[in-house]
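Here are my notes for when you open this one up. Keep the viewer beside you and tick off each point as you go.

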Amino acid sequence: MLEVYSLNSGYGKLHILYDVQLNCKEREIVAILGPNGSGKTTLLNSIFGIADVFSGSIKLDGQELTGLSPHKIAKMGIGYAMQLQGIFADLTVEENLKIAAKMVGITNFDEATSTIFGFFPDLKKFLGRKASTLSGGERQMLTLSISLIRKPKFFLLDEPTGGLSPLYSSNIIRSIAEINKEFGLSIVLVEQNVRKALEIAHRVYLLVSGRINFEGTPSELAAQKDLMKLYLGMGE
Amino acid sequence: MILLVELVTLREAITYSCILSFLAVGITLLYKTTKVPNFAHAALATLGAYVTYSLTSLLGINPYLSLPVSFLIGGLVALCLFFLVLEPMRRAKASVTMLMIATLAFDIVASGAINAYADYLQTTFKISARNVSLIRMDFQIASLPGVFLTSITLIAMTVILLYLLLNRTYLGISLRASMENQILAETIGINTTFTLMLSWFIAGGLAGLGGTLLPVWTQIDTGVGMVFIASMFCASTLGGLGEIYGAFLGGFLLGFAELLGTVILSKTLGTWVIPYRPVIPLIILSVTLLVSPRGLAGILVRRRSK
């Protein structure tokens, strides 16, 4: 289980998150929703040791993560698909996948990629291409694949549908739900597309100005018409 | 125009270009990984020159036998700069400008140490250590000087080995990944402190190699690295600061332009232009920044995307 207790974090002197409490159980999809600038990405960056944690605790299966460098956290079984910069554009698609697999000791590349290609068959065609030549949707597939090939227990996803066409967005969201079911992966999902996130999430946190304003199931949040309207722009 | 240039000058230009390439590629590598223009590269080159001079003068060995020692010492001193100065500053979130000034400060300290070492050589071993050269110790094959043959062989080996390292090994791919996006590299489990260490070691080692060739090619002094610092940065910028192979190309273009340009100008305008040789890299640097700030690499990328 991934647990966040009384987290205060930010960057340098900039304090962004205040007393954030959150957890993600095994095989669960937890969506973090909130308006722009509410601290959603900072929350994921704090979990992964990229943002500065001022106080509080972050635990993975009881093991403290705060103070560890990101590469050590990555090796503990957390995958992180970062917003807009989840691929190495100068490397080929194959190199992107190979280096991600190698870093967790996976040596049988063909076996590791066969599962990935089951989800994203198009990637197989692009193995020799430079990642910079991929389209937005293909890049997002590669971003997810880089994390998935590492067989993480927990998966942090930051705006996986950002900048994608509605068709690609639906495909990506559907893939995330399938990944959760087939791999039994726990997923913390930050997503601007509220409707799509609520479709696949088991639980939801609403983050506003660095504080958790709501915690519950998607249906419980949908019932909070004032919150939906005020912070998520979802009217009647 | 080529008729104005003798074969000897052409040979000299190739040798100089090779030396410049060794130095420029290190600057590019460090700029790509650490985003810091490393001014201490001048001292690392001087160090390589003095390692070779010392080993040859004290032990009487062939100057080229000191190549591995110069590479190792250059690499280790660069690692010291990284670990003792830059890494603590980076952890304290120092800006790139502060890091750049720190490399300049390290260069001043290292130059002081090399000066003290030169005095030590002079007083203790009675070996003259300023304005010296090892040209007389060089070998010749078919009237071609050893430094010419060695520099060409070394540069070819370096390009091939760097290519194999960066493209055919996981270590190299992780280094390239770290160069592009350190945070992303960390999130997939790459220890970027280690890849940074590796890049500093390689860059320092290559500066040491470039330095080794200096006393066999020309006269050296304790400030010999500083003489070439503008040319090093210019070659690196000309190649495109972010492109490793571009630095080799930049080194060759600048080396040829600087040496052949001086010869051609002195033959056409008169010998009074010779002291103005250092102006050539500065003119090339200015033109590069104005026409194509991303250097030759930028031009190639633009052509490819058309």
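How many residues of chain B are in contact with chain A, and how many of chain A with chain B? Keep in mind as you look that this is a predicted model.

1. Start where the chains meet. On the chain B side there are 17 residues in contact, and they meet 25 residues of chain A. Helix 6 (170–180) and helix 7 (182–187) of chain B each supply at least two residues to that side of chain B. Helix 6 of chain B gives the most, with six residues. Sorted by class, the side of chain B that touches chain A has seven nonpolar, six polar and four charged residues.

2. Now go inside chain B and find helix 2 (residues 41–59) and helix 8 (residues 192–217), which pack at an angle of about 55° with their axes 6 Å apart. That angle is why helix 2 of chain B counts as oblique to helix 8 of chain B. Their crossing is right-handed. Among the residues that meet here are B:A45, B:L47 and B:G48 from helix 2 of chain B, and B:A207, B:G208, B:G210 and B:G211 from helix 8 of chain B. By class, this contact has 10 nonpolar, nine polar and no charged residues.

3. Stay with helix 2 of chain B, since helix 9 (residues 224–239) of chain B packs against it too, at an angle of about 135° and with the axes 8 Å apart. Helix 2 and helix 9 of chain B are therefore oblique to each other. This crossing is right-handed. The contact includes B:H41, B:A45 and B:A49 of helix 2 of chain B, along with B:F228, B:I229 and B:M232 of helix 9 of chain B. Its classes come out as nine nonpolar, three polar and no charged residues.

4. Next, the cores. As a bit of background, nonpolar side chains tend to be buried together in soluble globular proteins. Here the largest nonpolar core has 81 residues, and the ones with the most contacts inside it are B:I19, B:L23, B:L47 and B:M232. Helix 1 (residues 7–34) of chain B gives the most to this core, with 13 residues. Apart from that core lies another, of 80 residues, including A:L123, A:L142, A:V204 and A:L221.

5. Which residues does B:L23 touch, not counting those up to four places away in sequence? Click on B:L23 and you should find B:H41, B:A45, B:A207, B:G210, B:F228 and B:M232. You've met B:H41 and B:A45 already, in the contact of helix 2 with helix 9 of chain B.

Notes: Residues numbered from 1 in each chain as written. Chains lettered and ligands numbered in written order. Predicted model: local features only at pLDDT ≥ 70, side-chain atom pairs only at ≥ 80, totals over all residues. Axes fitted to C-alpha atoms, helices over the stretch in contact; angles between N-to-C directions. Helix = DSSP H or I, 4+ residues; strand = E, 2+ residues; numbered from the N terminus. Parallel < 35°, antiparallel > 145°, perpendicular 65-115°, else oblique. Left-handed = near helix turned anticlockwise from the far one by under 90°. Contact = placed C-beta atoms within 7 Å. Nonpolar A, V, L, I, M, F, W, Y, C, P; charged D, E, K, R; others polar. Core = buried A, V, L, I, M, F, W, Y, C linked by C-beta atoms within 7 Å. Buried ≥ 20, exposed ≤ 12 C-beta atoms within 10 Å, placed from the backbone.
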